[in-house]
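User: Please take a close look at a single part of this model and describe how its side chains pack and pair. Give the cut-off behind each term once, and then follow the charged pairs outward.

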Amino acid sequence: MDWLWTLVELLLIPALVLLLGFIVSLLFEAFRRRSTSSLHDGHPSFEDPKSKKKVPFPTIFDPAEKYISLIIPAFNEEQRLPSALDETLIYLQQRAANDKAFSYEVVLVDDGSTDGTIMVASDFIENYSIDNVRVIPLGRNQGKGEAIRKGMLHSRGELLLMLDADGATKVNDLEKLESQIRAQAEKEIQSAAVPSDSSSRISDIPIAAFGSRAHLEEKALASRKWYRNFLMKGFHIVVLLSAGSGIRDTQCGFKMFTRAAARKLFTNVRLKRWCFDVELVYLCKHLSIPMIEISVTWSEIPGSKVSLRSIPHMLGELCLMSVGYRTRLWSIRA
């Protein structure tokens with residue numbers, strides 16, 4: 001039996017070394033991200049088409065100038081972006097025409113695209129004006145979470161909506177989230193959870209609304225391959241352990257925040273890629289920000305950037321989040 005113990009040792013020692021290396025790397029990365037960069041990691045600017053001068057973007061700490069901001073992260077979306085932006089801007093223009101109090105902006109965050117995404121965005125700026133469509137170029141790919149964080153920190157809306165560049169969720173579904181946020185704001189005011197003098201400004205009341213595809217889960221389970229269902233169920237269990245219960249579909253890319261909620265959340269978020277949504281749920285709970293989950297219309301659009309290879313990266317981010325907060329290396333600013 002000596003040979004068996006020798007074999008076990010040969011397998012166990014490398015496994016322990018790998019596990020130790022993984023733990024050390026998590027601790028190192030958590031320590032590296034212990035302070036949020038917030039607005040100190042470069043202030044983006046845009047070119048004024050009239051003066052040709054660089055104008056700094058506003059920040060989330062400035063007063064709101066628009067009713068709603070739509071933040072769209074984009075990485076190599078030259079093919080899918082035009083139709084999604086067309087649909088979005090037609091809806092926004094029609095609503096603005098019917099309601100003079102309605103104002104909007106679309107903030108496209110280019111996450112280091114190497115195709116013609118910037119050119120597509122430039123065409124829309126030319127057609128719809130720099131006041132309604134703006135682009136934040138990140139230069140190099142930093143991840144979806146970081147792109148949305150940058151967009152949120154430099155938007156002008158009372159309400160801020162994040163949505164994907166593929167148009168998988170119909171843009172008019174924002175009205176569902178908007179109405180639920182307004183209803184929740186009324187509850188907060190009536191319960192004296194917020195000062196009465198803020199009742200006229202929905203942007204001053206921290207609320208988060210999460211679009212959800214949970215109502216489509218049964219159909220998705222029937223159409224997906226068994227191993228994809230197994231991996232997704234496992235991922236959901238890890239999410240539950242990391243952020244707790246409350247939101248069934250954390251990964252839907254359609255979420256709306258009041259300005260006050262966005263200010264609190266996106267100055268704290270640290271995850272830069274796929275699992276920043278889970279961190280948002282965790283932060284909402286710790287900052288006592290009400291969360292509402294609302295079913296939205298969703299359809300599968302070809303060209304998704306998420307693949308089976310993304311699962312290990314997602315699990316790594318969830319482990320990093322757990323280490324960061326459980327060791328108190330990551331503090332949460334109220």
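Analyst: With neighbours up to four places away in sequence set aside, Leu-265 is in contact (heavy atoms within 4.5 Å) with Phe-257, Leu-280, Leu-283, Cys-284, Leu-287 and Ile-289. The model is predicted, so local features need pLDDT of at least 70 and side-chain atom pairs count only at pLDDT 80 or more, while totals for chains, interfaces and linings use all residues. Residues are numbered from 1 along each chain as its sequence is written, and side-chain values use heavy atoms, leaving out hydrogens and water.

Leu-265 and Phe-257 also appear among the residues with the most contacts inside the largest nonpolar core, together with Ile-68, Met-152, Met-256 and Phe-266. This core has 86 residues; such a core is a set of buried Ala, Val, Leu, Ile, Met, Phe, Trp, Tyr and Cys residues joined through side-chain atoms within 4.5 Å. Buried means under 20% relative accessible area, exposed over 50%, and partly exposed in between, with a 1.4 Å probe and protein chains only. In soluble globular proteins, nonpolar side chains tend to be buried together.

Three of these partners bring in helix α9, which spans residues 276-286 and is mostly covered, with nine of its eleven residues buried. Helices are DSSP runs of H or I with at least four residues, strands are runs of E with at least two, and both are numbered from the N terminus. The buried residues of α9 include Leu-280, Leu-283 and Cys-284, each in the list of Leu-265 contacts; Phe-276, Val-278, Val-281 and Tyr-282 are buried as well, as are the acidic Asp-277 and Glu-279. Just after α9, Ser-288 takes a positive phi of about 55°.

Asp-277 forms a salt bridge with Lys-255, at 2.7 Å from N to O; the term requires a side-chain nitrogen of Lys or Arg within 4 Å of a carboxyl oxygen of Asp or Glu. Because Asp-277 lies in α9 and Lys-255 in strand β8 (residues 255-258), this pair ties together parts 22 residues apart in sequence. Both partners are buried, Asp-277 at 2% relative accessibility and Lys-255 with a relative accessible area of 0%. Elsewhere, salt bridges that share partners join Glu-65, Lys-66, Glu-105, Asp-131 and Arg-156 into one network.

Within that network, Asp-131 pairs with Lys-66, their closest N and O atoms being 2.7 Å apart. Asp-131 lies in the loop between α3 and β5, and Lys-66 in strand β3 (residues 66-74), so the pair links parts 65 residues apart in sequence. The two ends differ in accessibility: Asp-131 is partly exposed at 33%, whereas Lys-66 is buried at 10%. Glu-105 and Arg-156 form another salt bridge, at 2.8 Å from N to O. Glu-105 belongs to strand β4 (residues 104-110) and Arg-156 to the loop between α4 (144-153) and β6 (157-162), so parts 51 residues apart in sequence are tied together. Here both residues are buried, Glu-105 with a relative accessible area of 1% and Arg-156 at 3%. Across the structure there are 17 salt bridges. Side chains of opposite charge can pair when their charged atoms come close.
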